[in-house]
Amino acid sequence: MKKKSIVKGILLALLALVVILALWILAGFYGNPLSKYLANRAADTYLETHYRDLDLDRSKTYYDFKDGAYMVWLQDKNSIDSKFSLAFDWRGRLKYDSYPNRIFNSYIRFTDQLRQYGRKLEKDHDFPYKINLSPLDQDDLEDQLTLDQEVDFNHFPSRVQAQAYGYSKEPQIQEALKILQDLQKIMDTSPLKVETYSIILVPEKDRRPDGEAESWAHALTIFDIPQDLVRQGDLAGLERILKEEETQTKD
């Protein structure tokens with residue numbers, strides 16, 4: 001009888017240990033109700049103190065296991081770029097408030113619309129390669145933007161780099177130059193100031209069935225090509241840039 005009691009006690013102890021371990025794991029991923037309550041209450045107080053004049057949409061408080069914080073996401077209904085978050089620790093103490101950094105949302109919006117504009121140019125000109133457009137001066141662009149600023153491609157506040165991306169049976173530099181010149185003709189129809197070009201040509205043998213590249217190991221890649229080199233069709237200059245990049249990669 002005593003032996004059965006000991007076994008039962010051990011089994012109950014093991015069961016309790018498993019339950020505690022499971023709760024600990026769940027808390028690691030989803031937080032705990034008490035901390036969530038404290039964070040939610042702290043968010044109420046913080047918003048009332050700092051942002052009572054804003055008309056905010058507010059998410060439910062949730063636990064972000066990557067940051068180990070209880071998060072609240074907010075959106076000012078009167079400002080497209082005023083998306084920000086509050087983060088609280090397990091005791092309901094504020095870890096950070098991203099409101100002062102919301103100009104980064106303006107930057108993301110500008111770069112996203114620039115990418116979409118590249119997709120539009122592909123379609124309008126029936127270009128068989130992907131056109132990737134990006135700001136040449138990324139840090140300068142963010143510094144120049146104002147919150148909720150309208151994207152105006154006629155007066156885009158940054159120089160631009162245009163990239164052609166696609167597949168070729170056997171990528172050759174002569175083919176790359178021809179593609180770049182075709183891309184330049186397309187970009188000349190736009191109001192954007194394109195100062196540099198780049199190209200990535202992936203061999204057809206490295207294309208996966210879903211259309212994505214399986215590897216770039218055998219791709220022809222050339223970056224930071226001055227626009228005047230493309231306009232002049234300077235093959236020797238393009239070869240020189242390619243060799244310089246290959247040398248830097250080896251080093």
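In the predicted model, the buried residues of helix α3 are Ser106, Tyr107, Arg109, Phe110, Thr111, Leu114, Tyr117, Gly118, Leu121 and Glu122. The cover over these buried positions includes strand β6 (130–135), helix α4 (138–144), strand β7 (160–168) and helix α5. Helix α3 itself comprises residues 103–124, 22 residues in all, and from its first C-alpha to its last it reaches 32 Å, which is close to the 32 Å expected at 1.5 Å a residue. Just after this helix, Asp126 takes a positive phi of about 50°.

Strands β6 and β7, which contribute to the cover of α3, belong to an open sheet of four strands, arranged in the order β6-β7-β8-β9 and with mixed pairing. The edges of this sheet are formed by β6 and β9 (220–226), each of which pairs on one side only. On average, and with direction ignored, neighbouring strands of the sheet are turned by 15° against each other. Between β6 and β7 the pairing is antiparallel and extends over six bridges, and within it Leu133 has Ala162 of β7 as its bridge partner. Helix α3 packs on this sheet, where it touches β6 and β7, and the direction of the helix makes about 150° with that of β6. Helix α5 likewise packs on the sheet, touching β6, β7, β8 (194–203) and β9, with a direction that makes about 135° with that of β8.

Helix α5 spans residues 173–188, and Glu175 has its place there. With a relative accessible area of 25%, Glu175 is partly exposed, because a residue counts as buried only under 20% and as exposed only over 50%. When its neighbours within four places in sequence are left aside, Glu175 is in contact with Tyr129, Ser168, Glu170 and Leu201. Of these contacts, Leu201 lies 26 residues from Glu175 in sequence, while the C-alpha atoms of the two residues are 9.4 Å apart in space.

A further group of paired strands is found earlier in the chain, where strand β3 (residues 69–76) and strand β4 pair in the antiparallel sense over six bridges. In this pairing Met71 stands opposite Ala87 of β4, and the two strands are joined by a hairpin that runs through six residues. Strand β4 is also joined to strand β5 (residues 94–97) by three bridges, and these two strands run antiparallel; here Phe88 stands opposite Leu94 of β5. The hairpin of β4 and β5 has five residues between the strands, and in this hairpin Gly92 takes a positive phi near 85°. Strand β4 (residues 83–88) is largely enclosed by the rest of the structure, because five of its six residues are buried.

Taken as a whole, the protein chain contains seven helices and nine strands. Of its 251 residues, 39% count as buried, and the chain exposes about 16000 Å², of which carbon and sulfur atoms supply 54%. Among the contacts in the chain with a separation of 6 or more, 58% are accounted for by residues that are 24 or more positions apart.

Conventions: Residues are numbered from 1 along each chain as its sequence is written. This is a predicted model: local features need pLDDT of at least 70, side-chain atom pairs count only at pLDDT 80 or more; totals for chains, interfaces and linings use all residues. Side-chain values use heavy atoms; hydrogens and water are left out. Buried means under 20% relative accessible area, exposed over 50%, partly exposed in between (1.4 Å probe, protein chains only). Two strands pair if DSSP finds at least two bridges between them. Contact means heavy atoms within 4.5 Å. The expected span of a helix is 1.5 Å times one less than its number of residues. Axes are lines fitted to C-alpha atoms, for helices over the stretch in contact, and angles run from 0 to 180 degrees between N-to-C directions. Accessible areas come from the Shrake-Rupley method with a 1.4 Å probe; for residues, only the protein chains shown count as cover.
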